[in-house]
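Let's take a friendly walk through this model, starting with its charged pairs and ending with its symmetry.

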2 protein chains.
Amino acid sequence: MPKRVDPDQRRTIIAEAAVRMIAAYGLDDVKLTHIARAAHCTTGAITHYFETKDDVLLAALEHVCDRLFAKMAAGSDASALMGLYEALPCSDAEAFSEWKVWLAFWGRATFVPRLAAVHRAYYRRIEDMLVADLGDDPDDARLTAAAIIAAIDGIGTRVCLEPDLWPADRQRALLVRLLGPLLATLTIGETHAPAHASAA
Amino acid sequence: MPKRVDPDQRRTIIAEAAVRMIAAYGLDDVKLTHIARAAHCTTGAITHYFETKDDVLLAALEHVCDRLFAKMAAGSDASALMGLYEALPCSDAEAFSEWKVWLAFWGRATFVPRLAAVHRAYYRRIEDMLVADLGDDPDDARLTAAAIIAAIDGIGTRVCLEPDLWPADRQRALLVRLLGPLLATLTIGETHAPAHASAA
C-alpha cells in the first residue's frame, strides 16, 4: 500500500529538493529526474504538483523567500546590520544554494513576465518589512529599503560568482563597507531606532 | 564575388548582434538564426567564429565590457558619482540590453567554470580602474571598489527586473541613496580627490 503523504508537505519536500538540484546542476541542465531522486519521489509526482520547469523554479523561489522572511522576522531583535547578515550567502549551510536559485531566477525572469511578476511581489514584501524601520516619509523610506536590497543583491551576486574569494568574514566586511555609512545616516546602525527618532 | 569582411570587424558585428538578440529572446530561447539575421550573416559565419553558444555569450560579454571600460575611461573628468551613472541601465540606449546580458551571464557562469573565470578577470579589471582613486591602502581600496561594484550590480538587477518602476531619475536617486554616504566618507563625492588626500 502506498504511503500517504500530506500534499503541502510533499510540495515543500519537492521545492526544497529543487533548490538543491538547481544549485547543483544549474537551471539549464537540471532534470526532473534529479529533483525526483533528491525528493525521494517519482517524476510523475513532480509533474502532478508542477506543470512546467518554470513552475518548479517558482516553487524553489517561494521556498527561498519563505526562509528569508522567517530569518528576517527572527532577526528583528538584533541590530539592523546584524539582521542583514542573515541575507548573505554565508548566513547558513543552505543560503548559498538559495542564492544560486535567485541568480537563476533573475536570468530567466527578465524574459518571462509571470516570473517577473512573482519576483516583484516578493521584493515589494521585503521592502515593506524594511520600510517599517526606516522612517516616516513612505517614499523616502522605500528608496532606502531599495538601496539596502540592492546592496544585498550585489554582494550575493559577487559571492556566488567567486565563492573562494569571499569567505564569511569578507562577505560581512563588504556589507559593512557598503551599507555602514548609509545606516549611520539613519542612526539605526547601532541602536536600531527608527530614522525619525533622530530628527526629534 | 563574396564581400571581403575584416575578421575583427565581423566578430564585433556578431558580438553586438548577440547582445541585442540575447536581450530580446533570453539566453534559453535565442537561436543562432536570430543572431545571424541581426548580424546580416549566415549561421555558418557565426559557428566559424564561435564554436558553442557559450562562446557567443562570452563574445557578447566582451562587447559589453569593452563599452563599459570605454565609458569609465571617458568619464574620468566628471565627479565620481557622475562617472558611476555611466554604469546604470539608463546610461544610454544600448545599456539596458547590455545589462540583460550581464544577468544572463551570471545565471550561467555560476555553473560553468570557464565563464566564471572570464567574469572574475573582468571584475578584477573594473576594481583596478576604481582602486586608483580610492586611497593608499590597497586591500582597503579594493574592498571599497568591491562595494561600489556590488551597488551597481544590485541596482542594475532590480532595474532589469522592474524596468517600468525604475525610470532614469529613479535609478540615479537609488544610486545616490546607496553610494552617496560611502563616497562622502572618501571625500570623492564632489571633489573626485583620492581618499588619502582627506587624511593629509
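A good place to begin is chain B, where the side chains of Asp128(B) and Arg142(B) form a salt bridge with an N to O distance of 2.6 Å. This pair links distant parts of the chain, since Asp128(B) sits in helix α7 (residues 113-131) and Arg142(B) in helix α8, 14 residues apart. Keep in mind that the model is predicted. Asp128(B) is partly exposed, at 37% relative accessible area, whereas Arg142(B), at 16%, counts as buried.

Another pair in chain B is Glu162(B) with Arg158(B), whose closest N and O atoms are 3.0 Å apart; both of these residues are buried.

Now look across to the other chain. Asp140(B) and Arg177(A) meet through their side chains in a salt bridge of 2.6 Å, N to O. Asp140(B) belongs to helix α8 (residues 138-161) of chain B and Arg177(A) to helix α9 (residues 168-186) of chain A, so this pair joins two chains. Asp140(B) is partly exposed, with 33% relative accessibility. In chain A, a network of salt bridges links Arg67(A), Lys71(A), Asp92(A), Glu94(A) and Glu98(A). Over all chains, the structure holds 30 salt bridges.

Turning to the nonpolar side chains, the largest core has 142 residues, and Leu179(A) and Leu179(B) touch the most other members. Leaving aside residues up to four places away in sequence, Leu179(A) touches Leu81(A), Leu84(A), Ile148(A), Ala151(A) and, from the other chain, Leu178(B).

Finally, the symmetry: a turn of 180° with a shift of 0.0 Å along the axis lays chain B on chain A with an RMSD of 0.0 Å. The two copies are therefore related as by a two-fold rotation axis. The same surface serves both, as 100% of the contact residues of chain B recur in chain A.

How values were computed: Residues numbered from 1 in each chain as written. Chains lettered and ligands numbered in written order. Predicted model: local features only at pLDDT ≥ 70, side-chain atom pairs only at ≥ 80, totals over all residues. Heavy atoms only, no water. Least-squares fit on C-alpha atoms with pLDDT ≥ 70 in both. Contact = heavy atoms within 4.5 Å. Core = buried A, V, L, I, M, F, W, Y, C linked by side-chain atoms within 4.5 Å. Buried < 20%, exposed > 50% of the residue type's maximum accessible area, 1.4 Å probe, protein only. Salt bridge = Lys/Arg side-chain N within 4 Å of Asp/Glu carboxyl O. Helix = DSSP H or I, 4+ residues; strand = E, 2+ residues; numbered from the N terminus.
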